[in-house]
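Some terms used for strands and sheets rest on explicit criteria. Below, such terms are set against those criteria.

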Amino acid sequence: MKIVLFEDSRVSQLHPVTLGRAAFGITCATFRILDIMMQISSEIYALCRPYLEGISQYEYPQVRFGANVLKEDLKSVSPDTPILLVNARAVPNAKIVDFVRLLEKDAALKYVPWQDDPAMIYVSAGELLRRWGDAVEADFSEMFPFEQQEYFAESAPIELFDFLHDIIRNNIEFFQSNLDYRLAHCVPSKTGRNENPWTEGRWEEIRDGVFVAPNVRLGDYLVTDTSKGAIFIDEGASIGPFCYIKGPVYIGPYSKVIEHAALKDYVGLAHTTKVGGEVEASTIEPFTNKQHHGFLGHSYLGSWINLGAGTCNSDLKNTYGAISLDTREGRIATSMQFHGCVVGDYAKTAINTSIFTGKIIGSCSMVYGFVTRNVPCFTNYARSFGQCTELPVEVMISTQQRMFARRNVQQERVHVELLQKMFELSVSERQMETEPLSL
């Protein structure tokens with residue numbers, strides 16, 4: 001089976017998370033949807049926004065990118081070859097693996113919707129080429145219009161990220177079941193290292209519900225609580241002394257948990273992160289640092305972020321009411337009592353930064369003081385001090401180079417070109433000075 005991950009027009013609703021990464025690269029409940037698909041097939045294609053193809057190919061060399069590549073490959077295989085089209089906004093749920101096996105029982109076209117959008121389409125190569133026709137690009141929504149499809153009637157364990165709060169909500173919903181799948185199927189994890197890019201997926205239970213991979217270092221006086229979920233500490237990770245970990249928790253390869261840290265309930269750390277202070281129900285993407293004291297709760301942090309000492313966020317309103325998010329699509333009711341912040345790639349906070357409930361911090365921003373409203377990308381944000389200015393892309397490029405050098409990562413042309421494109425695409429956001437303070 002060949003699997004095609006495709007982005008649709010609604011990826012913009014996940015801004016700024018999807019400004020610098022394809023939707024299939026969002027980590028939620030310890031997996032990306034790409035990780036789930038790799039459990040099904042090694043033949044994976046991806047159709048994403050063109051400016052993300054370079055960085056995506058760099059990050060995922062095992063994936064084939066581009067509509068032209070896919071179309072030409074389809075012409076060279078049997079018309080009966082099964083093709084699974086998967087929306088890149090799909091929530092990473094390990095139960096999808098067994099569901100796909102159900103789809104494979106016969107060769108008939110099967111359409112699996114999420115609301116009015118295609119979540120999955122199971123189709124033969126010949127039928128896909130027939131519908132594609134002479135078009136250059138692949139618009140699967142037009143090829144398989146919702147109102148003209150008889151969709152698969154079986155209960156499907158698949159839904160899509162529609163808005164940012166879905167990342168926070170689904171992280172909690174699927175966290176434990178995804179950990180169970182990791183253990184049962186020895187799923188490898190990305191390490192971020194050239195010499196050994198993937199772990200072996202092997203685990204040893206050293207305490208009741210505490211599973212460790214090879215080369216893990218545990219500090220003295222570690223307290224673990226697995227009464228509500230398991231704790232997984234992946235290859236090469238280190239835990240400092242006097243730490244408290246309450247499961248379910250996943251600590252990614254070569255991550256470092258600082259002494260006296262407390263990780264509680266649905267915390268998922270990707271590879272090469274540094275984390276200290278108190279963290280609850282949050283996802284932290286690779287190469288991000290939150291290594292000082294301060295609270296982070298019910299939040300999502302992208303990659304290459306640094307939170308200064310004492311940075312805290314609120315994830316609960318004083319009224320205990322449901323939280324709404326201000327997005328580019330308008331004000332969105334989350335129906336969630338707990339929701340912290342969403343922070344885009346490369347953002348930085350100064351010491352003692354305070355982030356109000358449900359705020360969104362744009363990629364490549366520098367944040368100081370109180371964050372009482374959303375922060376645009378590429379902004380020096382010190383609104384509580386009366387200062388907000390645009391951050392030149394050249395500053396972020398040089399900052400990226402220094403950051404990469406600290407982690408022995410080579411800054412490549414694709415990294416620089418991505419920052420330049422992110423800056424260009426976010427120009428319209430940076431109109432702040434005349435807006436009133438929003439609490």
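The questions that follow concern strand pairing in this predicted model.

Q: What makes S26 and S27 count as paired strands?
A: Pairing requires at least two bridges found by DSSP between two strands. Strand S26 (residues 323-327) and strand S27 (residues 330-336) are joined over five bridges in the antiparallel sense, and therefore the two strands pair. One of the partnerships sets Ile323 against Met336 in S27, and the two strands form a hairpin with two residues between them.

Q: Why are S32 and S34 called paired?
A: Strand S32 (residues 366-367) and strand S34 (residues 379-382) have two bridges in the parallel sense, and because the criterion asks for at least two, the strands pair. Val367 has Tyr381 in S34 as its bridge partner.

Q: What joins S34 to S35, and in which sense do they run?
A: Four bridges join S34 to strand S35 (residues 387-390), and the two run antiparallel, with Ala382 standing opposite Gln387 in S35. Their hairpin has four residues between the strands, and Gly386 in this hairpin takes a positive phi near 75°.

Q: Which strands are the edge strands of the nine-strand sheet?
A: The open sheet has the order S7-S8-S11-S14-S17-S20-S23-S28-S31, with mixed pairing. Strand S7 (204-207) and strand S31 (360-361) are the edge strands, each pairing on one side only.

Q: How do you know that S14 and S17 pair?
A: Strand S14 (residues 249-251) and strand S17 (residues 267-269) run parallel and are joined by three bridges, so the requirement of at least two is met. Val249 stands opposite Val267 in S17.

How values were computed:
Residues numbered from 1 in each chain as written. Predicted model: local features only at pLDDT ≥ 70, side-chain atom pairs only at ≥ 80, totals over all residues. Heavy atoms only, no water. Buried < 20%, exposed > 50% of the residue type's maximum accessible area, 1.4 Å probe, protein only.
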